[in-house]
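Open the structure in your viewer and keep the selection tool at hand. Each stop below names what to select and what to look for there.

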Amino acid sequence: MKSSMVQTGSRTRSFTHFFICALALLLAAGAAHAERLRDMATFQGVRENQLVGYGLVVGLDGSGDQTTQTPFTVQSVVSMLQQLGVNLPTSSTGLQLKNVAAVMVTASLPAFAQPGQTLPVTVSSLGNAKSLRGGTLVLAPLKGADGQIYAMAQGNLVVGGVGAAAAGSKVQVNHLSVGLINNGATVERAVPSAITQGDSVDMELNESNFATASRVANAVNQKYGSGTAIALDARVIRIRAPIASGDRVQFIGALEDIDVAPAWVRAKVILNARTGSVVMNQAVSLDNCAVSHGNLTVVISADNAVSQPNAFSGGKTAATQNATISVDAAPGKVILLKGGAALSDVVKALNSIGASPQDLLVILQAMKAAGALHADLDII
């Protein structure tokens, strides 16, 4: 058993060493190659627009809203029927509907979408419906942030989950109150784009960086001539473009294929306090520091016994508990990290002292407080 444990630990250390070396090689390779502009930036005005609407899902098999607790479902049904020419008495507000559910409908309107184009929509239960499986969304308008209707949605829902209940028992797989309708919405209004107007286009970097913005402007000027591009700030680069639509589209397509080597980003360490995950970029470095890591283990064990008194003493039988407390303080390990250490050195050093991901959270915070860690700590 001991030999097997030693071999397993050796394989684990070998895998960790291989992973660290592979990570360092990948980072070095990524830093040496340029990226296309299409992967680094977008054009101002080329964006998606969020749409939202309210509707009703009908045809459910008794799994709809409990209308006594969701009166807006009944109100919506009455309003819809009135628009269809069905007049209900005023006492109809107490309808008990089990096959209808009030839902919110959401979709994303892509850039340059034209009337007649279809979009996928997500349908989510708004009330207390048990399931939307097998339902049909009734025609629902989808509005943008300006209150205008940009699409109409309708169709049969596809729900990825399944559930069953009988005799007080219930089984459910995945989620039943959200469904999808592929090509469920039809665009009715196009969003005008500013990219076809004026004599220039604005390119926006995905990450603000003055050096990268300057490099992008220089790369464009080298290809199309001095004065074609100018960096307005750390994110926006203004580029002179042809006026004609066909020429402009061809020009923008060629711009996206230009290769630019991005500047080094700020050193950053991302800490997930809930899962213990730690992610560092290649710019993280250290000053000289020493890290000590040790464990303190407290073990409390109890031994239950029964006391049997002498028959002539008149005593009673009683249960006794003998507690044993031991404290095991593992000797701390101290490691010296030399100044200028790169990412691979930091990870290798912290793993060598047996630090778990949760330990790394505390160690890195302490190193940052001591001024030895040159990176921004981002705790999520």
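This tour of a predicted model goes from sheet to helices and ends at a loop.

**Stop 1: the hairpin**

Select strand E6, residues 136–143, and strand E7, residues 149–156. The two pair in the antiparallel sense, over six bridges. Label Pro-141: Met-152 in E7 stands opposite. Now follow the chain through the turn of this hairpin, where five residues sit between the strands. Gly-147 has a positive phi there, near 85 degrees.

Next, add strand E10, residues 178–187. E7 and E10 run antiparallel and are joined by three bridges. Find Ala-151, which faces Val-187 of E10 across the pairing.

**Stop 2: the largest nonpolar core**

Which residues touch the most other members of the largest nonpolar core? Show Val-105, Val-121, Val-123, Leu-132, Leu-137 and Leu-142 as sticks. The core has 25 residues. E3, E4, strand E5 (118–125), E6, E7 and E10 each supply at least two of them. E4 gives the most, with five residues.

Centre on Val-105. Beyond four places in sequence, its contacts include Leu-51, Val-52 and Gly-53. Val-121, Thr-122 and Val-123 touch Val-105 as well. So do Leu-137, Leu-142 and Ala-153.

A second, separate core has 22 residues. Among them are Phe-43, Ala-229, Ile-252 and Val-260. In soluble globular proteins, nonpolar side chains tend to be buried together.

**Stop 3: helix H3**

Select residues 71–83. Helix H3 has 13 residues and reaches 19 Å from its first C-alpha to its last, close to the 18 Å expected. Colour its buried residues: Thr-73, Val-74, Ser-76, Val-77 and Val-78. Strand E3 (49–58) and strand E4 (100–109) are included in what covers them. Past the helix comes Gly-85, with a positive phi near 90 degrees.

**Stop 4: helix H5**

Move to residues 245–256. Helix H5 has 12 residues and spans 17 Å from first C-alpha to last, close to the expected 16 Å. Which residues of H5 are buried? Select Arg-248, Phe-251, Ile-252 and Leu-255. These four lie on the same side of H5, because they cover an arc of only 100 degrees around the axis. Rotate to the other side of H5: Gly-246, Val-249 and Gln-250 are exposed.

Now show what covers the buried residues. The cover includes helix H2 (37–40), strand E2 (41–43) and strand E11 (200–205). It also includes helix H4 (210–224) and strand E13 (236–240).

**Stop 5: Thr-212**

Stay with helix H4 and pick Thr-212. Is Thr-212 buried or exposed? It counts as buried, because its relative accessibility is 6%. Turn on its contacts, leaving aside neighbours within four places in sequence. Met-40, Leu-205, Pro-262 and Ala-263 appear.

**Stop 6: Ala-372**

Finish in the loop between helix H7 (357–369) and strand E22 (373–374), where Ala-372 lies. Ala-372 is buried, with a relative accessible area of 5%. Select Leu-286 too. It is 86 residues from Ala-372 along the chain, yet their C-alpha atoms are separated by 5.4 Å. Not counting residues up to four places away, Ala-372 touches Ser-285, Leu-286, Asp-287, Cys-289 and Met-367.

Definitions and conventions:
Residues numbered from 1 in each chain as written. Predicted model: local features only at pLDDT ≥ 70, side-chain atom pairs only at ≥ 80, totals over all residues. Heavy atoms only, no water. Expected span 1.5 Å × (residues − 1). Buried < 20%, exposed > 50% of the residue type's maximum accessible area, 1.4 Å probe, protein only. Arc of directions from axis to C-beta. Contact = heavy atoms within 4.5 Å. Pairing = 2+ DSSP bridges. Core = buried A, V, L, I, M, F, W, Y, C linked by side-chain atoms within 4.5 Å.
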